[in-house]
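Biologist: Got a minute to go through this one with me? Put the sequence and the structure up first.
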Amino acid sequence: AHKPAPEPILLGLQKLGACPEEAVHVGDDKKDTVAAKAAGVTALGALWGAVDSEGLNDSMPDQLFQTVGQLEQYLSLKFPG
């Protein structure tokens, strides 16, 4: 299965021995947001790589970032150390 199905994300979590609550998914397409939410993972939107930034925004990711620096700051607060 391919995104927007959650299976690719769920398989990755299984292989890492992680649960959805411990993970985030960074994507630049609305399919990424749909897949992450279906997998129970925090969906982060990356506008710097988005071809369809309006579609990504409309998919309502949990957080949306304009730059890699903004994403880095968010991740350092969410996962300190």
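Biologist: Which side chain does the side chain of D32 join in a polar contact?
Modeller: The side chain of K3, at 2.6 Å. Keep in mind that this is a predicted model.
Biologist: Which backbone nitrogen lies 3.0 Å from a polar atom of the D32 side chain?
Modeller: That of D28.
Biologist: Where does D32 sit, and is D32 buried or exposed?
Modeller: D32 belongs to helix α2, which covers residues 30-39. Its relative accessible area is 8%. The cut-off for buried is under 20%, so D32 counts as buried.
Biologist: What is D32 in contact with, leaving aside neighbours within four places in sequence?
Modeller: K3 again, plus H25 and G27.
Biologist: Let's move to strand β1. Which of its residues are on the covered face, and which on the uncovered one?
Modeller: β1 spans residues 24-27. H25 and G27 make up the covered face. V24 and V26 are on the uncovered one. In a regular strand, side chains alternate between the two faces of the sheet.
Biologist: How does β1 pair with β2?
Modeller: In the parallel sense, over 4 bridges. Strand β2 is residues 42-46. H25 stands opposite A43 there.
Biologist: What is the hand of the crossover between them?
Modeller: Right-handed. The chain leaves β1, passes through α2 and arrives at β2, a β-α-β crossover.
Biologist: And the whole sheet: what is the strand order?
Modeller: β1-β2-β3, an open sheet of 3 strands with parallel pairing. β1 and β3 (63-65) are at the edges.
Biologist: Why is one side of each edge strand left without a neighbour?
Modeller: Because β1 and β3 each have a single partner strand in the sheet.
Biologist: How many degrees are neighbouring strands turned against each other?
Modeller: 25 degrees on average, direction ignored.
Biologist: Now the helices. Which strands does α2 lie across?
Modeller: β1 and β2. α2 runs at about 165 degrees to β2.
Biologist: What about α4, which strands does that helix lie across?
Modeller: β1, β2 and β3. Helix α4 is residues 68-78, and runs at about 160 degrees to β2.

Technical notes. Residues numbered from 1 in each chain as written. Predicted model: local features only at pLDDT ≥ 70, side-chain atom pairs only at ≥ 80, totals over all residues. Heavy atoms only, no water. Helix = DSSP H or I, 4+ residues; strand = E, 2+ residues; numbered from the N terminus. Buried < 20%, exposed > 50% of the residue type's maximum accessible area, 1.4 Å probe, protein only. Polar contact = N/O pair within 3.5 Å; in protein donor to acceptor, adjacent residues only side chain to side chain. Contact = heavy atoms within 4.5 Å. Pairing = 2+ DSSP bridges. Right-handed = clockwise from strand over helix to strand, strands pointing away. Axes fitted to C-alpha atoms, helices over the stretch in contact; angles between N-to-C directions.
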